[in-house]
Amino acid sequence: MSPTNTTLQLIQEKSLPFTPEIGLILGSGLGLLADSLENKIIFPYETLPDFPKSTVAGHSGRLVLGYLNQKPVACLQGRVHPYEGTPPQKIKTLIRTLKLLGCKILIITNATGSLRLEVKPGSLCMVTDHINFQAFNPLVGPNEEEFGPRFFAMDDAYDAVLQNQFRKTAKRLNIKLEEGVYFGTLGPSFETPAEIRAFRILGGDIVGMSTIPDVLVARHCGLRVAALSAITNLAAGLSNEKISHENTLYYGEKTANSMLELIRGFINDYHE
Ligand code: HPA
């Protein structure tokens, strides 16, 4: 049996008949969203075979099942990044577990630097597309046909219907929602000012070190994806403020309330 199936069995022994519809990945400083779920069932990653142990401060590593606005959801609280040297299998297991549990859509949150002076720290930005500059794709290797085809399209990586829904919900709640192209770097270093100027020319609006591997695995197995970004800083060279992980956590937490409100509103408004 594959590690993903063993993990699934373990989770379902404790959670059935609970079936999540929506999966959420919570980025730096956004873990409090999982804390607000009702009727929680919590699985620390270390209790789940082939789940990764997150190594970054602010990423605690728990799968939390429960209800958000009466809708059944599954939260990955804490993710892994390619820069941690995580084996691709673990990234695949995280996302595919959500799929096998029954999720149809995946909402990804992350923290990013802004490449646009007018989009300031503390803003929320919806990802409309991405540029993979990570030189990493977790799907390299033999294709697991049971999850998806060898070659698959990425022209609709960020679901148009979900994007529209987020626009409507943000408007209803009077939350300013920026939109932009996510430029993914490997990290763990932040960028140089010259790199940021180049990424702008290449078409990036925000820059981050996560998300793309998750989107690739999710789209391969047919999950519909939306991604929301907390802007934690202006990218390198665009401001005098020093970029740091502490800053990322600070602005991640500052943005968490409106992110939480937007996601709650989305889940409330969302129907198939
Ligand atoms: N660059 C890369 N990743 C990031 C940044 C950044 O400026 N801010 C938050 N995550």
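**Figure 1. Surface and burial of the predicted chain.** The chain exposes about 11700 Å², and carbon and sulfur atoms supply 54% of that area. Accessible areas come from the Shrake-Rupley method with a 1.4 Å probe; for residues, only the protein chains shown count as cover. This is a predicted model, in which local features need pLDDT of at least 70 and side-chain atom pairs count only at pLDDT 80 or more, while totals for chains, interfaces and linings use all residues. Residues are numbered from 1 along each chain as its sequence is written, and side-chain values use heavy atoms, with hydrogens and water left out. Of the 272 residues, 56% count as buried (under 20% relative accessible area, 1.4 Å probe, protein chains only).

**Figure 2. Overall dimensions and make-up of the chain.** The C-alpha atoms fill a box of roughly 50 × 40 × 35 Å along the principal axes. The radius of gyration of the chain is 17 Å, which agrees with the value near 19 Å for a compact globule of 272 residues (taken over C-alpha atoms; the rule is 2.2 Å times the number of residues to the power 0.38). The chain has seven helices and nine strands (DSSP runs: H or I of at least four residues, E of at least two, numbered from the N terminus).

**Figure 3. Helix 4 against helix 7.** The axes of helix 4 (residues 160-172) and helix 7 (residues 245-269) come within 9 Å and cross at roughly 115° (lines fitted to C-alpha atoms over the stretch in contact; angles run from 0 to 180 degrees between N-to-C directions). L162, Q165, F166, T169, A170 and R172 of helix 4 meet L262, G265, F266, N268 and D269 of helix 7 (heavy atoms within 4.5 Å).

Technical notes: Buried < 20%, exposed > 50% of the residue type's maximum accessible area, 1.4 Å probe, protein only.
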